Amino acid sequence: MQRRQLHLPDEAATARLGADLAQALAPGLVLYLHGDLGAGKTTLTRALLHAAGYQGRVKSPTYTLAEPYEVKLAERMVTVIHFDLYRMASPEEFLEAGFREHFNENTICVVEWPEKGDTVLPAPDIELTLVLAAHGRDVELCALSDKGLECLARLKFAPNL
Ligand code: ADP
Ligand code: MG
């Protein structure tokens with residue numbers, strides 16, 4: 001399934017999708033999160049990290065641009081790196097910070113505001129787009145690689161229960 005559309009009636013549903021995604025992720029994956037300010041990108045990432053066992057506070061790394069979390073997924077330690085590129089001034093900043101090396105087979109990279117990374121950001125396996133709806137949010141997940149397809153196939157999200 002290459003494309004999947006879901007409705008998230010409330011914040012709890014967004015959190016549930018984040019938690020379900022955590023179970024479906026595999027090391028090496030790159031996930032782009034699209035959506036306006038307040039769409040729910042950080043809410044989803046926070047739920048994903050908590051479901052992966054991280055117990056501390058999760059806030060968007062607005063000024064540091066990237067925050068790593070050591071978590072355990074499927075009995076294996078993996079580093080989930082949460083990027084928020086909203087305040088990144090230029091793509092060069094991404095390169096100078098050495099962020100490209102963060103994208104490898106041992107990490108899972110979740111990127112808010114990938115648009116700001118433009119030409120320097122590694123390609124995604126999955127693009128997730130959150131859109132404000134009359135009630136709640138609509139979300140579309142799109143797989144762009146075999147790894148992304150396998151992840152979406154593992155994703156067990158039962159909407160609106
Ligand atoms: P972003 O990171 O995209 O800027 P945040 O996650 O910081 O957005 O904020 C999203 C806001 O929307 C939060 O106040 C959260 O409570 C709310 N929210 C998240 N998901 C939903 C939903 N499905 N329906 C309604 N409100 C939601
Ligand atoms: Mg955010």
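Reader: Why is Glu-112 called buried?

Author: In this predicted model, the relative accessibility of Glu-112 is 3%, and because buried means under 20% relative accessible area, Glu-112 counts as buried.

Reader: What makes Thr-42 buried or exposed?

Author: The relative accessible area of Thr-42 is 17%, and since the limit for buried is under 20%, Thr-42 is buried.

Reader: How do you know that the magnesium ion (ligand 2) is coordinated by Thr-42 and Glu-112?

Author: The OG1 atom of Thr-42 and an OE atom of Glu-112 lie at 2.1 to 2.2 Å from the magnesium ion, and because donors are N, O and S atoms within 2.8 Å of the metal, both residues are said to coordinate this ion. The pair links distant parts of the chain, with Thr-42 in helix H2 (residues 41–51) and Glu-112 in strand E5 (residues 107–112), 70 residues apart.

Reader: What makes the pairing of Leu-8 with ligand 1 a polar contact?

Author: A backbone N or O atom of Leu-8 is 2.9 Å from a nitrogen atom of ligand 1, and because a polar contact is a pair of N or O atoms within 3.5 Å, this pair qualifies. An N or O atom in the side chain of Arg-137 lies 3.0 Å from an oxygen atom of ligand 1, which also falls within that limit. The protein covers 73% of the 580 Å² of accessible area that ligand 1 has on its own.

Reader: Which helix gives the most to the shell around ligand 1?

Author: Helix H2 does, with three residues, while the shell by class holds four nonpolar, six polar and six charged residues.

Terms used: Residues are numbered from 1 along each chain as its sequence is written. Chains are lettered from A and ligands numbered from 1 in the order in which they are written. This is a predicted model: local features need pLDDT of at least 70, side-chain atom pairs count only at pLDDT 80 or more; totals for chains, interfaces and linings use all residues. Side-chain values use heavy atoms; hydrogens and water are left out. Donors are N, O and S atoms within 2.8 Å of the metal (3.2 Å for Na, K and Ca); water is not among the atoms, so sites may look incomplete. Helices (H or I, at least four residues) and strands (E, at least two) are DSSP runs, numbered from the N terminus. Buried means under 20% relative accessible area, exposed over 50%, partly exposed in between (1.4 Å probe, protein chains only). A polar contact is a pair of N or O atoms within 3.5 Å; within protein, one must be able to donate a hydrogen and the other to accept it, and residues adjacent in sequence count only if both atoms are side-chain atoms. Accessible areas come from the Shrake-Rupley method with a 1.4 Å probe; for residues, only the protein chains shown count as cover. Ala, Val, Leu, Ile, Met, Phe, Trp, Tyr, Cys and Pro count as nonpolar, Asp, Glu, Lys and Arg as charged, and the others, Gly among them, as polar.
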